[in-house]
Amino acid sequence: MSVQLRMSEHIVPLRIYITIFLALLVGTGLTVWAGGHDFPGSLNVIIALTIAVIKATLVVLYFMHVRYSSRLIWVVFTAALFWLGILFALTLSDYWTRGWLPIS
Amino acid sequence: MEHKASHPALQHHFENLEQQREAGTLGMWVFLVTEIMFFGGMFLAYTLYRTKYPQAFASASNHLSLPLGTINTGVLILSSFTMALAVYSAQTGKRRGQIVCLALTLLLGLTFLGIKAIEYHDKYVDHLIPGRLIPGRPFDASGVHLLPGAAKQNVEMFYWIYFAMTGMHAVHMIIGVGLLSVILYFAARGRYGPEYHNPVEISGLYWHFVDIIWIFLFPLLYLLGRHLEH
Amino acid sequence: MKAPETFEIPAAARVNYINAQYGLKSWLLTKDHKRIALLYLGSITFFFFIGGLYAMMIRLELLTPQGDFLSSTTYNKVFTQHGIIMVFFFLIPSIPATLGNFLVPMMIGAKDLAFPRINLLSWYIYLLGGVITIYALLAGGVDTGWTFYAPYSTTFSNSYVIAAGLGIFISGFSSILTGLNFIVTIHTMRAPGMTWFRLPLFIWAHYATSLVMILGTPVIAITILLLAFERLAHVGIFDPAVGGDPVLFQHLFWFYSHPAVYIMVLPSMGVVSELIANFSRKNIFGYKFVAFSSLAIAVFGFLVWGHHLFVASQSVYAGMIFSFLSFAVAIPSAIKVFNWTATLYKGSISFDTPMLYALGFIGLFTIGGMTGLFLASLAIDVHVSDTYFVVAHFHYIMVGGALLGYLGGLHYWWPKISGRMYPEGWGRFSALVVFVGFNLTFLPQFVAGYLGMPRRYHAYPPEFQVFNVLSSAGASILGVGLLIPLIYLVWSMRYGKRAEANPWHLPGLEWRTASPPPTENFLITPVVTWEAYEFAPPEEMQVIGKFREGTDLDAPIIGKS
């Protein structure tokens with residue numbers, strides 16, 4: 001058969017939904033607490049983004065069932081992140097190197 | 001599979017419900033890819049200007065209401081949870097649970113929008129709506145406490161990015177609320193069960209996605225730079 | 001597995017998608033991908049001739065060095081509108097929305113696209129965008145150039161930027177929906193036996209195009225939206241007054257608009273792959289290379305946009321990266337050209353109209369691509385930036401590439417689409433006229449540009465006149481060459497010879513159903529047991545769901561002679 005992307009009709013147990021929900025709330029609390037705390041360097045940004053990425057990953061994997069989905073869905077999702085990466089990396093390659101060349 | 005071929009929800013050009021479901025789910029995911037790129041443009045602008053004007057962005061960000069932002073984050077996460085439960089109820093054939101969860105999700109979505117409206121109104125009162133978005137009421141940053149090194153005009157840049165991103169997010173919330181109303185209507189009429197619930201599922205995907213956007217907007221817009229206040 | 005059994009189809013089966021239903025409503029509310037393709041065909045033809053009208057005005061103005069036919073402001077509007085109409089309302093939807101819409105389901109053995117209602121919606125969205133843009137043109141026009149660069153477009157221009165931008169923003173969604181539909185259809189709706197490497201290369205090309213559509217178009221959508229707000233309310237991401245950077249607009253704009261060139265040319269490459277293989281009656285040389293080079297172009301196409309910013313205060317380090325990557329995108333394009341050429345080798349080539357267009361495509365695309373490498377080199381680009389060299393280069397890609405592929409494909413599948421043959425003699429004649437006219441129009445522009453003639457001015461130094469006279473003369477020949485097919489294709493819909501199911505005697509799935517096909521494409525779901533471009537002995541190539549022999553409506557068996 002050509003249709004190879006069998007989507008699983010996996011039913012995620014309630015227990016997992018509740019765990020994820022609680023983890024998301026804890027993450028929100030943590031990020032608010034960390035936001036008001038003065039960490040050295042740009043650690044504040046790193047902490048805030050790390051927590052956000054973890055929260056988003058939990059939503060994607062469990063609420064959106066990607067963990068139980070076909071490979072195709074994984075590919076689609078990572079493709080989006082990859083292209084977003086292209087947009088960021090190449091644009092910033094311009095902005096973040098503009099100061100390198102001293103203009104006389 | 002033969003019995004599925006006669007399911008009333010099966011569209012004529014699909015072989016069976018399984019194929020229809022795959023197409024629907026994949027279609028929504030591909031659509032979400034376009035949404036990621038759509039918001040990506042604004043996230044890029046944010047990254048660029050925040051690294052360029054960190055002090056101004058922190059000053060402007062600190063003027064946003066942290067309690068309201070935090071509550072809204074909680075509301076949205078809770079709505080994502082109830083949405084996941086709605087899908088779960090559809091999958092397991094719990095019709096009552098499905099309707100209750102969908103209604104709760106809808107209600108929480110409206111709550112989010114209500115709180116957002118309060119925040120927007122506060123900004124309006126403080127003359128913090130950028131440019132000439134409100135005719136005859138120009139932007140005025142004098143109410144914002146400027147951190148050392150922050151230039152006034154860059155504060156306006158932050159507020160435009162804030163309104164553009166949260167505004168676009170709110171538009172997506174409104175679309176989501178509309179979508180859920182339709183789903184709720186059909187759920188109440190008993191259309192979705194263990195055999196056929198793809199519309200609930202893909203509306204859920206959309207709803208969670210809008211939640212994820214907020215999960216990033218919240219720290220970027222409300223939190224970064226809070227610590228400089230002390 | 002053997003091909004499906006012969007059986008007699010009741011008279012009702014001769015109903016095809018065109019005569020299945022009558023009346024305006026049956027067209028405007030259709031969910032049949034073939035009818036939607038025809039709706040698109042009509043609308044893009046309309047926009048093509050509007051865009052062509054502007055092109056004629058440009059060439060007329062440039063006949064003499066003085067700006068005597070159009071004032072400079074009018075001229076600004078004319079070339080802007082030529083670009084907007086041609087790019088967003090003709091080239092981008094051209095092949096995908098017409099030929100792609102018609103053929104993608106048929107080539108993979110599906111009954112329709114995955115989301116027929118969304119397909120119809122995309123046409124209406126396209127139309128709405130078109131109407132708003134036409135309103136902008138009629139109300140007073142736009143003069144920013146099709147690139148809408150800030151800050152001119154946000155602050156200084158006194159023309160209808162917002163309306164035109166809104167039109168493009170809206171029509172972008174039609175492009176997104178088409179791409180989404182194709183991707184889902186190709187993934188989930190292939191007929192039994194239709195594996196990925198049995199797909200016609202046309203499908204691979206459309207898959208790659210759809211990738212660009214869904215990944216690029218949202219970025220231009222948000223960019224144009226931000227631009228419109230900035231113009232409307234002076235809020236500013238691109239406004240230096242609040243610390244914004246106008247060059248960010250160029251980055252975001254070209255992130256889409258450079259890959260958009262691949263939206264135009266990739267489907268055309270798909271058509272040409274079909275034509276070269278089928279009219280040489282040979283399997284394509286290096287099928288997998290041609291297939292994957294489409295994907296490679298879609299990916300690399302996103303890595304090169306910065307070569308439009310070499311002289312726009314972009315960092316030289318970024319410039320070096322973009323220059324290198326722009327050279328890299330030549331690799332998959334070259335793979336295609338070489339493989340097409342190798343396919344021709346020892347093939348039994350027939351020079352029918354579609355093949356003439358395909359061969360023209362290879363030559364013109366090669367010139368367009370090679371001159372692109374000039375522009376990708378940092379130092380040469382500084383010399384030729386914003387000159388007619390650039391204009392000539394991208395017309396070789398967009399017209400010599402995209403348009404020729406479109407015309408070739410339209411002729412090739414015309415028997416399938418309309419059920420009638422086009423007049424072959426006229427077809428070959430007009431293909432020749434288009435080729436000559438095109439080259440006469442744009443070759444001199446390379447020279448003029450290289451000698452320093454800038455683009456976007458209505459007047460120019462007299463020493464460039466000879467090139468412009470040649471170019472304008474070529475444009476009139478090209479215009480005639482494009483009018484001829486319009487006339488004879490319309491004529492053939494009524495008076496053309498009736499087409500058999502498989503007039504070219506080819507193995508592809510779309511040729512194994514009637515011409516024109518029934519609404520559901522195939523009377524029974526096909527089972528694919530052959531490779532793409534597998535030229536089996538004619539008696540083995542069966543029409544799926546045979547029609548009764550000896551009737552004049554459809555010739556049932558291929559090669560029965």
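**Exercise 1. Determine what share of chain B is buried, and describe the elements and the confidence of this chain.**

Solution. In this predicted model, buried residues make up 54% of the 230 residues in chain B. The next step is to read the elements, of which chain B has six helices and zero strands, so that the order from the N terminus is α-α-α-α-α-α. The C-alpha trace of chain B spans about 70 × 35 × 30 Å along its principal axes, and among the contacts in chain B with a separation of 6 or more, 76% are between residues 24 or more positions apart. As to confidence, the pLDDT of chain B averages 93, and 97% of the residues score at least 70. Residues 1-5 of chain B have a pLDDT below 50, and this stretch has five contacts in the model beyond near neighbours in sequence.

**Exercise 2. Identify which residues of helix 2 of chain B are buried, and state which helices they pack against.**

Solution. Helix 2 of chain B covers residues 54-62, and its buried residues are B:Ala56, B:Phe57, B:Ala58, B:Ser59, B:Ala60 and B:Ser61. These buried residues pack against helix 1 (17-52), helix 5 (152-188) and helix 6 (198-223) of chain B.

**Exercise 3. Work out how chain B meets chain A, and which element of chain B gives the largest share of its side.**

Solution. The contact takes 37 residues from chain B and 40 residues from chain A. On the side of chain B that touches chain A, the elements giving two or more residues are helix 1, helix 3 (66-92) and helix 6 of chain B, and helix 1 of chain B supplies the largest share, 14 residues. By class, this side of chain B divides into 20 nonpolar, 13 polar and four charged residues.

**Exercise 4. Carry out the corresponding analysis for the side of chain C that touches chain B.**

Solution. Here 30 residues of chain C are in contact with 30 residues of chain B. Helix 6 (161-188), helix 7 (201-233) and helix 8 (246-279) of chain C each give two or more residues to the side of chain C that touches chain B, and helix 7 of chain C gives the most, with nine residues. The classes on this side of chain C are 21 nonpolar, seven polar and two charged residues.

**Exercise 5. Locate A:His65 and C:Asp386, which have a positive phi, and decide whether each counts as buried or partly exposed.**

Solution. Most residues other than glycine have a negative phi, and most peptide bonds are trans. A:His65, with a phi of about 65°, is found in the loop between helix 2 (43-63) and helix 3 (71-95) of chain A. Because A:His65 has 22 C-beta neighbours inside 10 Å, A:His65 counts as buried, in a chain where 31% of the 104 residues count as buried. C:Asp386, with a phi of about 60°, lies in the loop between helix 13 (378-384) and helix 14 (388-418) of chain C. Because C:Asp386 has 13 C-beta neighbours inside 10 Å, C:Asp386 counts as partly exposed.

**Exercise 6. Place the cis peptide bonds that lead to C:Pro151 and C:Pro516.**

Solution. The peptide bond from C:Ala150 to C:Pro151 is cis, with omega near 0°, and C:Pro151 sits in the loop between helix 4 (116-139) and helix 5 (152-156) of chain C. C:Ser515 and C:Pro516 are joined by a cis peptide bond with an omega of about -15°, and C:Pro516 is in the segment after helix 16 (465-495) of chain C.

Definitions and conventions: Residues numbered from 1 in each chain as written. Chains lettered and ligands numbered in written order. Predicted model: local features only at pLDDT ≥ 70, side-chain atom pairs only at ≥ 80, totals over all residues. Contact = placed C-beta atoms within 7 Å. Helix = DSSP H or I, 4+ residues; strand = E, 2+ residues; numbered from the N terminus. Nonpolar A, V, L, I, M, F, W, Y, C, P; charged D, E, K, R; others polar. pLDDT = per-residue confidence, 0-100. Buried ≥ 20, exposed ≤ 12 C-beta atoms within 10 Å, placed from the backbone.
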